[in-house]
Amino acid sequence: MRASTTERVSGLLELRAGAAGDAGEPVARRIGLWMRAVEIGCFGAGRVRAQSLQTLDGRIRAEWRCERLPSSAIDGLARLLQHVSATQARLDDIELVLDGRTFTPCAEVAMPGLPEVLPFELEINEDLKTFVRVEIEFRTPLTAAARDAVFAALAVWDVLVAAFGDIEHWNEQADLDTRLLSPRIVEHQFDGYFAAVECLYPIVQLALRLHPGRAIERLTLE
């Protein structure tokens, strides 16, 4: 995994894959999670809109309309599908096509780098251990709905970490915990972290997406 400024793409993205057994439901969930990751800003800017999703005769077909989507987000989709295939539902012959041309994903997902200037204080420890802690301090107390939205967004990040981490750890279970330390502070713990430090960057991108509506005072990643 690496941090990079990647190409932005627009157009019709198609997925074609062979599915063994009851793969349709877990693959659909994983596709939905990828779309949510794009929506909440984990890959930076860009949009994706579902056109169709079908499972028929052992084949999965899906289409999306992309708008200035970082190509790394498509790399991320490929990696998420490889992960679900290895851990939940067997997929074969995974093919991604962008505007009629085969999209060959990079082996490593290039996470968007961090902006030079942030609207909140960032504390990040790049000497990571297997136990990682995220703390988000908001300027005002969270409503119940806002709290649930932040908790759900962190759960999306958990799956990205599991998929983007080292392949040899894909079948290992992480110990996860999310809670309020105070009405303004959310703490998330990930015990069993085996991804690169760049996989912390989607949390920063997520915080940037949250900030205009729910102002953040400080973000700690350690």
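Which residue does Glu-14 form a salt bridge with? In this predicted model, the partner is Arg-16, and the closest N and O atoms of the two are 2.7 Å apart. Neither end of this pair sits out in the open: Glu-14 has a relative accessibility of 16%, so it counts as buried, and Arg-16 is buried too, with a relative accessible area of 12%.

The pair is one entry in a count that comes to 18 salt bridges. Another is made by Glu-135 and Arg-133, whose side chains meet at 2.5 Å, N to O. Here again, both residues are buried. Glu-137 goes to Arg-218, with 2.8 Å between the closest N and O atoms. This bridge ties together distant parts of the chain, since Glu-137 belongs to strand β9 (residues 131-138) and Arg-218 to strand β12 (residues 216-221), 81 residues apart. Both Glu-137 and Arg-218 are buried. These charges also turn up in a wider arrangement: through shared partners, salt bridges join Arg-133, Glu-135, Glu-137, Asp-177, Arg-179, Arg-184, Glu-187, Arg-218 and Glu-222 into one network.

Asp-158 tells another story. This residue, part of helix α3 (residues 144-164), is buried but has no salt bridge. The nearest side chain of opposite charge belongs to Arg-30, and that is 12 Å away. What does Asp-158 touch, leaving aside its neighbours within four places in sequence? The contacts are Leu-176, His-188 and Phe-190.

Arg-30 shows up again in the helix packing, as one of the α1 residues that meet α2. Helix α1 (residues 24-39) packs against helix α2 (residues 71-87) with 10 Å between the axes and an angle of about 150°. That angle is over 145°, so the two helices count as roughly antiparallel. The crossing of α1 past α2 is right-handed. On the α1 side, Pro-26, Val-27, Ile-31, Leu-33, Trp-34 and Val-38 are also among the residues at the meeting point. What they meet in α2 is a set made up of Ala-73, Gly-76, Leu-77, Leu-80, Leu-81, His-83 and Val-84.

Helix α4 (residues 201-210) is largely enclosed by the rest of the structure, because eight of its ten residues are buried. The buried ones run from Tyr-201 through Pro-202, Ile-203, Val-204, Gln-205 and Leu-206 to Ala-207, with Leu-210 completing the list.

Note on methods:
Residues numbered from 1 in each chain as written. Predicted model: local features only at pLDDT ≥ 70, side-chain atom pairs only at ≥ 80, totals over all residues. Heavy atoms only, no water. Helix = DSSP H or I, 4+ residues; strand = E, 2+ residues; numbered from the N terminus. Buried < 20%, exposed > 50% of the residue type's maximum accessible area, 1.4 Å probe, protein only. Lys, Arg positive; Asp, Glu negative; His and termini not counted. Salt bridge = Lys/Arg side-chain N within 4 Å of Asp/Glu carboxyl O. Contact = heavy atoms within 4.5 Å. Axes fitted to C-alpha atoms, helices over the stretch in contact; angles between N-to-C directions. Parallel < 35°, antiparallel > 145°, perpendicular 65-115°, else oblique. Left-handed = near helix turned anticlockwise from the far one by under 90°.
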